[in-house]
Amino acid sequence: DDLGYQMLFQPLREDAGMGGLILSRLPLTRLAPVSAPTWGRKTRYFARARIEYRGQPIEIYTVHLESLPLVEGTRVLFGSSQLRRIQAELLARVIAATSVPVIVAGDLNATPLYPSTRPLRRRLTDAWTEAGFGMGFTYPAALPLSRIDALLQRGLRTATATVVRLSDSDHRGLHLALTLEE
């Protein structure tokens with residue numbers, strides 16, 4: 001509030017100590033989160049909001065698609081790809097139902113080459129591909145070797161895209177400037 005932002009926080013799961021956060025200087029209207037299946041017959045939630053910029057409504061989604069599961073303290077190397085695909089398909093269907101510009105941002109836990117995120121990538125433009133320079137690697141933060149974090153959009157144009165260091169994160173961030181398509 002002190003910085004002039006409105007905030008929307010959505011827990012990732014009912015048992016998770018993390019979630020998705022949308023900050024905006026423009027008024028935020030909270031929309032129902034998108035829910036998808038996750039490990040252990042639980043539900044994963046993706047925050048969703050609407051802003052209005054110069055009279056144009058824009059829907060914003062923050063996502064953290066399925067990562068490698070932690071089983072008895074060890075990461076399981078296989079198995080999350082199918083859940084990521086299901087989650088991406090659910091998000092893509094919700095996005096297809098709206099005609100307004102859309103921003104989907106977050107940790108996709110998959111590089112652009114992985115088939116699991118194709119349902120989203122078929123509908124949306126990758127901001128890094130549109131305006132970034134270099135590989136766009138964001139993970140791990142200490143020595144980034146993969147591009148699993150992204151901003152995908154429709155109805156906007158990416159003016160600039162850079163990777164930035166963040167404090168207290170195991171990922172680097174993306175700093176992007178978007179404009180409305182004319």
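## Exposed loops and a buried core

Arg54 is exposed, with a relative accessible area of 74%, and this residue lies in the loop between S5 and S6. The structure described here is a predicted model, and the account below moves from its exposed loop residues to the residues that are buried.

The backbone at Arg54 deserves attention, for this residue has a positive phi of about 55° although it is not a glycine. A positive phi of about 55° is also found at Arg41, again a residue that is not a glycine. Arg41 is placed in the loop between S4 and S5, and with a relative accessibility of 86% it counts as exposed. The table sets these two arginines side by side.

| Residue | Loop | Phi | Relative accessible area |
|---|---|---|---|
| Arg41 | between S4 and S5 | about 55° | 86% |
| Arg54 | between S5 and S6 | about 55° | 74% |

Another backbone feature concerns the peptide bond that joins Tyr139 and Pro140, which is cis, with omega at about -10°. Pro140 belongs to the loop between helix H3 (127-131) and S11.

Turning to the interior, the largest nonpolar core has 17 residues, and the members that touch the most other members are Leu91, Val104 and Leu120. At least two residues of this core come from each of strand S4 (34-38), strand S6 (56-64), helix H1 (80-96), strand S9 (102-107) and strand S11 (149-154). The largest share, 4 residues, is supplied by H1. Apart from this core lies another one, of 12 residues, including Leu8, Ala47, Leu151 and Leu156. As a general background, nonpolar side chains in soluble globular proteins tend to be buried together.

Which residues does Leu91 contact, leaving aside its neighbours within four places in sequence? They are Val34, Phe46, Tyr61, Val63, Leu65 and Leu120. Leu91 is one of the buried residues of H1, and the others are Ser80, Leu83, Arg84, Gln87, Ala88, Ala92 and Ile95. The cover over these buried residues of H1 includes S4, strand S5 (42-53), S6, S9, helix H2 (118-123) and S11. As for its dimensions, H1 has 17 residues and reaches 24 Å from its first C-alpha to its last, which is close to the 24 Å expected at 1.5 Å a residue.

S11 is mostly covered, since 5 of its 6 residues are buried, and this strand is paired with S9 and also with S10. S9 and S11 run antiparallel and are joined by 6 bridges, and within this pairing Val104 has Leu152 of S11 as its bridge partner. Strand S10 (residues 125-126) likewise runs antiparallel to S11, to which it is joined by 2 bridges. Here the bridge partner of Asp126 in S11 is Leu152, so that Leu152 is a bridge partner of both Val104 and Asp126.

A last residue to examine is Gln10, whose place is in strand S1 (residues 6-11). Is Gln10 buried or exposed? Its relative accessible area is 9%, and because buried means under 20%, Gln10 counts as buried. Not counting residues up to four places away in sequence, Gln10 touches Gly19, Gly20, Arg30, Pro33, Tyr45, Phe46 and Ala47. Among these, Phe46 is also in contact with Leu91, while Ala47 is listed among the residues of the 12-residue core.

Conventions: Residues numbered from 1 in each chain as written. Predicted model: local features only at pLDDT ≥ 70, side-chain atom pairs only at ≥ 80, totals over all residues. Heavy atoms only, no water. Core = buried A, V, L, I, M, F, W, Y, C linked by side-chain atoms within 4.5 Å. Buried < 20%, exposed > 50% of the residue type's maximum accessible area, 1.4 Å probe, protein only. Contact = heavy atoms within 4.5 Å. Expected span 1.5 Å × (residues − 1). Pairing = 2+ DSSP bridges.
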